[in-house]
Amino acid sequence: MVDHEQYPHTIQVNWKTESTKDEDSGDWIEGVDVNHTFDCRAVPNGKAKKIAGDDGQLIEYAFDVYMPKTDVEIPFGADYTLNGSTKGTVKRAHNGQLNSRIWL
């Protein structure tokens with residue numbers, strides 16, 4: 001019997017939130033660093049498939065990453081490190097009903 005692990009990889013995703021304006025003082029508050037680590041399954045894009053970006057332009061991606069469902073909204077352009085070595089930026093992320101998915 002084959003031992004199959006559903007999420008054998010790890011991805012770390014990092015970004016900085018946007019600066020906001022304090023309603024009371026009017027001062028700008030610097031954004032904060034956001035860091036998340038997820039178990040995942042990264043599937044290489046071996047067929048040079050493309051996804052549509054927010055502006056409708058087609059974007060080529062290197063990996064299609066599947067994760068357990070999360071409520072974390074990962075923004076376009078967030079930095080990632082896959083399995084501790086492969087680095088880049090997030091092309092798109094989607095939280096579905098049963099799982100979450102990131103295109104790198």
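# Strands, core and charged pairs

Guide: In this predicted model, strand β1 (residues 9-16) runs antiparallel to strand β4 (residues 33-44), the two being joined over 8 bridges.

Visitor: How do you know that β1 and β4 count as a pair?

Guide: Pairing asks for at least two bridges between two strands, and β1 and β4 have 8 bridges, so the criterion is met. Individual partners can be named as well: Gln 12 stands opposite Thr 37 in β4, and Lys 16 has Asp 33 of β4 as its bridge partner.

Visitor: What makes β8 a partner of β1 as well?

Guide: The reasoning is the one just used, for β1 and strand β8 (residues 79-82) are linked in the antiparallel sense over 4 bridges, where at least two are required. On this side of β1, Asn 14 stands opposite Asp 79 in β8.

Visitor: Which order do the strands of the open sheet follow?

Guide: The sheet has 7 strands, arranged as β9-β8-β1-β4-β7-β11-β10, and their pairing is antiparallel.

Visitor: Why are β9 and β10 said to stand at the edges?

Guide: β9 (86-89) and β10 (92-95) each have a single partner strand, so that one side of each has no neighbour within the sheet. From one strand to the next, the twist averages 30°.

Visitor: What makes a group of residues here a nonpolar core, and which of its members have the most contacts inside it?

Guide: The term is used for buried residues of a nonpolar set, joined through side-chain atoms within 4.5 Å. The largest such core in this model has 18 residues, and those with the most contacts inside it are Ile 11, Val 13, Ile 74, Ile 102 and Leu 104. Two or more residues come from each of β1, β4, β7 and β8, and β4 gives the largest share, with 4 residues. In soluble globular proteins, nonpolar side chains tend to be buried together.

Visitor: Which residues does Leu 104 touch, leaving aside those up to four places away in sequence?

Guide: The partners of Leu 104 include Ile 11, Tyr 61, Ala 62, Phe 63, Val 65, Tyr 80 and Leu 82, and also among them are Thr 89, Val 90 and Lys 91.

Visitor: Why is Asp 64 called buried?

Guide: Asp 64, which is found in strand β7 (residues 63-68), has a relative accessible area of 8%. Buried means under 20%, and Asp 64, at 8%, therefore qualifies.

Visitor: What makes the approach of Arg 101 to Asp 64 a salt bridge?

Guide: The closest N and O atoms of Arg 101 and Asp 64 are 2.6 Å apart, and the limit is 4 Å, so the pair qualifies. The two residues belong to distant parts of the chain, with Arg 101 in strand β11 (residues 99-103) and Asp 64 in strand β7, 37 residues apart. Arg 101 has a relative accessible area of 27% and is therefore partly exposed.

Visitor: How do you know that Asp 64 and Tyr 66 share a polar contact?

Guide: Their side chains are joined at 3.2 Å, against a cut-off of 3.5 Å. A further polar contact links the side chain of Asp 64 to that of Trp 103, at 3.4 Å. Leaving aside neighbours within four places in sequence, the residues in contact with Asp 64 include Arg 41, Ala 42 and Val 43.

Visitor: How many salt bridges are counted, and which residue does Lys 16 pair with?

Guide: The count comes to 3 salt bridges. Lys 16 pairs with Glu 30, their closest N and O atoms being 2.7 Å apart. This bridge also connects distant parts of the chain, from Lys 16 in strand β1 to Glu 30 in the loop between β3 (28-29) and β4, 14 residues apart.

Visitor: Why is Glu 30 called exposed, and why is Lys 16 called partly exposed?

Guide: Exposed means over 50%, and Glu 30 stands at 58% relative accessibility; Lys 16, with 44%, is partly exposed, because that class lies between the 20% and 50% limits.

Visitor: What makes Lys 69 and Asp 71 a salt bridge?

Guide: Their N to O distance is 3.9 Å, which is within the limit of 4 Å. Lys 69 is partly exposed at 43%, whereas Asp 71 is exposed at 67%.

Visitor: Why is Thr 81 called buried?

Guide: Thr 81, in strand β8, has a relative accessible area of 13%, and the cut-off is under 20%, so Thr 81 counts as buried. Apart from residues up to four places away in sequence, Thr 81 touches Thr 10, Ile 11, Gln 12, Thr 86 and Lys 87.

Methods
Residues are numbered from 1 along each chain as its sequence is written. This is a predicted model: local features need pLDDT of at least 70, side-chain atom pairs count only at pLDDT 80 or more; totals for chains, interfaces and linings use all residues. Side-chain values use heavy atoms; hydrogens and water are left out. Axes are lines fitted to C-alpha atoms, for helices over the stretch in contact, and angles run from 0 to 180 degrees between N-to-C directions. Buried means under 20% relative accessible area, exposed over 50%, partly exposed in between (1.4 Å probe, protein chains only). A polar contact is a pair of N or O atoms within 3.5 Å; within protein, one must be able to donate a hydrogen and the other to accept it, and residues adjacent in sequence count only if both atoms are side-chain atoms. Contact means heavy atoms within 4.5 Å. A salt bridge is a side-chain nitrogen of Lys or Arg within 4 Å of a carboxyl oxygen of Asp or Glu.
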